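Please walk me through this structure, beginning with one of its loops and then moving on to the empty spaces inside the protein and the place where the ligand sits.

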Amino acid sequence: MLPAPVMQIAQEEFLNYRNSGMSVMEMSHRGGYFQEILDRSLINIRKLLNIPDSYEVIFCSGGATAQFTSIPMNLLDENETAAYSLTGVWSNKAYQEAKRFYPNVVSIFDGKLSNFSEIPELTDLSIPKNSKYAYITSNNTIYGTRYSRFPKLSIPLIADMTSDILSRELDVSSFGVIFAGAQKNIGPSGLSICIIRKDLLHERKSAIPVILDWRVTAKAGSLYNTPPTYSIYMAGLVFEWLLEMGGLSSIEKINEKKASLVYNALDESEFYRTFVPQANRSIMNVVFHLKDSNLDSKFVEESEKYGLIGLKGYRDVGGMRASIYNAMPLEGVERLVSFLKDFEKRWA
Ligand code: PMP
């Protein structure tokens with residue numbers, strides 16, 4: 001979901017953006033109107049995350065996949081190594097992709113051994129000495145787990161925050177690079193945001209594709225080529241919405257409340273279960289199962305009729321997944337809880 005007030009502003013401004021006579025979609029990315037939209041978006045994400053001046057923020061295209069492909073290219077030379085913590089589908093994909101081009105990268109944790117319910121406590125001791133960075137996925141969209149606390153390491157920590165960026169307070173200075181695809185908590189898909197500690201933007205020995213090179217994008221102020229302009233505009237509106245709500249401490253409280261309503265309903269019930277240990281539970285994606293999986297399709301069918309869309313779990317995991325990103329209102333979660341109880345009453 002995107003926040004309804006944001007969609008309303010976008011609708012009002014759709015045909016004629018602030019008397020420009022154009023839609024944002026029709027503007028030159030080099031013109032004054034768009035430059036102002038871009039500048040404002042960057043200022044506001046800096047405000048929201050309290051990003052220190054020692055970090056660069058860039059908007060990129062190609063989604064989160066383009067970013068996790070870019071990570072080793074921007075940070076490693078051919079024979080160097082980095083450490084990947086494999087806690088779910090997306091960290092595995094990032095690792096596999098890194099390994100294709102940089103065969104010395106290593107896995108330091110394999111969640112497969114716990115059916116992806118575990119999150120490791122990483123320390124310098126978990127990481128091979130010559131690693132240039134450690135890579136984590138902060139929230140595992142598909143398995144519904146997260147790092148509730150982040151490791152403190154002496155090498156740069158790189159985090160894919162696609163599915164929980166802007167959902168909780170964050171100390172950016174603990175990370176080397178944070179990146180996120182926009183499509184969960186920021187705006188339309190295809191845009192990604194990358195927050196990079198400036199000392200990591202150093203010269204490299206080997207050439208990399210220009211479109212994946214952070215240095216090029218940073219130097220051009222995110223305008224090396226035509227960026228996803230409309231997505232950046234929408235992201236800017238979402239940042240303003242979050243600031244008006246009181247920023248990340250406010251949304252975090254709301255998110256905690258929403259998630260605990262669902263987890264409490266699941267924990268109280270004998271009919272549903274969740275395999276995610278309390279300490280690792282995502283507040284964005286609540287993954288659960290019906291004890292009797294024969295009822296799964298009935299559950300999905302009835303939930304859709306009740307206006308609850310997209311509860312069917314990821315194909316390899318089965319069960320259900322309630323994605324309750326920032327824009328999901330409390331009423332949406334209350335509706336889910338009342339459906340859970342009602343379905344149980346009728347089918348238990
Ligand atoms: N990382 C995470 C944590 C994700 O949830 C996703 C997509 N849901 C991706 C990466 C991939 O994003 P994209 O489709 O934008 O490449």
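Helices are DSSP runs of H or I with at least four residues, strands are DSSP runs of E with at least two, and both are numbered from the N terminus. With that convention, Asn19 can be placed in the loop between α1 and α2. The coordinates belong to a predicted model, and every value below should be read with that in mind.

The loop that holds Asn19 is a convenient place to begin. Asn19 has a positive phi of about 60° although it is not a glycine, and Arg18 likewise has a positive phi, of about 40°, without being a glycine. Most residues other than glycine have a negative phi. Arg18, too, has its place in the loop between α1 and α2. As for exposure, Asn19 is exposed because its relative accessible area is 70%, and a residue counts as exposed over 50%. Arg18, with a relative accessible area of 40%, is partly exposed, since that class lies between the limits of 20% and 50%.

Two further residues extend the picture of this loop. Asn16 is found between α1 and α2, and its relative accessibility of 35% makes Asn16 partly exposed. Measured by position rather than by surface, Asn16 and Ala98 are 82 residues apart in sequence, and their C-alpha atoms are 44 Å apart in space. His29 also belongs to the loop, which runs between α1 (4–12) and α2 (32–49). Is His29 buried or exposed? His29 counts as buried because its relative accessibility is 14%, which is under the limit of 20%. The side chain of His29 is joined to that of Arg30 by a polar contact of 3.4 Å.

Arg18 also leads from the loop into the interior spaces. The structure holds five cavities of 30 Å³ or more, and Arg18 is one of the residues that line the second largest cavity, together with Tyr17, Ile37, Arg40, Ser41, Tyr233, Gly236, Leu237 and Glu240. The elements that give two or more residues to this lining are α2 and α6 (229–245), and α6 gives the most, with four residues. The volume of the second largest cavity is about 60 Å³, and its lining divides into four nonpolar, two polar and three charged residues.

The largest cavity contains about 100 Å³ of space. Its lining is made up of Phe59, Cys60, Ser61, Ile211, Thr217, Ser222, Tyr224, Asn225, Pro227 and Pro228. Strand β1 (residues 55–61) contributes the largest share of that lining, three residues. By class, six of the lining residues are nonpolar, four are polar and none is charged.

From the cavities one can turn to the largest pocket, which holds about 270 Å³ of space. The pocket is lined by 14 residues, and those closest to its centre are Leu308, Ile309, Leu311, Ser323 and Met328. Both β12 (320–323) and α9 (330–347) supply at least two residues of the lining of this pocket. The lining consists of eight nonpolar, four polar and two charged residues.

The ligand remains to be described. Which residues surround the ligand? Its shell is formed by Gly63, Ala64, Thr65, Trp90, Thr137, Thr141, Asp160, Thr162, Ser163, Gln183 and Lys184. Helix α3 (residues 63–75) provides the largest share of this shell, with three residues. Divided by class, the shell has two nonpolar, seven polar and two charged residues.

Several members of the shell can be followed down to single atoms. At Ala64, a backbone N or O atom lies 3.0 Å from an oxygen atom of the ligand, whereas at Trp90 a polar side-chain atom lies 3.5 Å from an oxygen atom of the ligand. For Lys184, the partner on the ligand is a nitrogen atom, which lies 3.0 Å from a polar side-chain atom of this residue. On its own the ligand has 400 Å² of accessible area, and the protein covers 85% of this area.

How values were computed
Residues numbered from 1 in each chain as written. Predicted model: local features only at pLDDT ≥ 70, side-chain atom pairs only at ≥ 80, totals over all residues. Heavy atoms only, no water. Near = heavy atom within 4 Å. Polar contact = N/O pair within 3.5 Å; in protein donor to acceptor, adjacent residues only side chain to side chain. Areas by Shrake-Rupley, 256 points an atom, 1.4 Å probe, with all protein chains shown as cover. Nonpolar A, V, L, I, M, F, W, Y, C, P; charged D, E, K, R; others polar. 1 Å grid on protein atoms, 1.4 Å probe; cavity = no way out; pocket = protein on both sides within 12 Å on 5 of 7 lines; lining within 4 Å. Points joined across faces, edges and corners; volume = space filled by probe spheres on them. Buried < 20%, exposed > 50% of the residue type's maximum accessible area, 1.4 Å probe, protein only.
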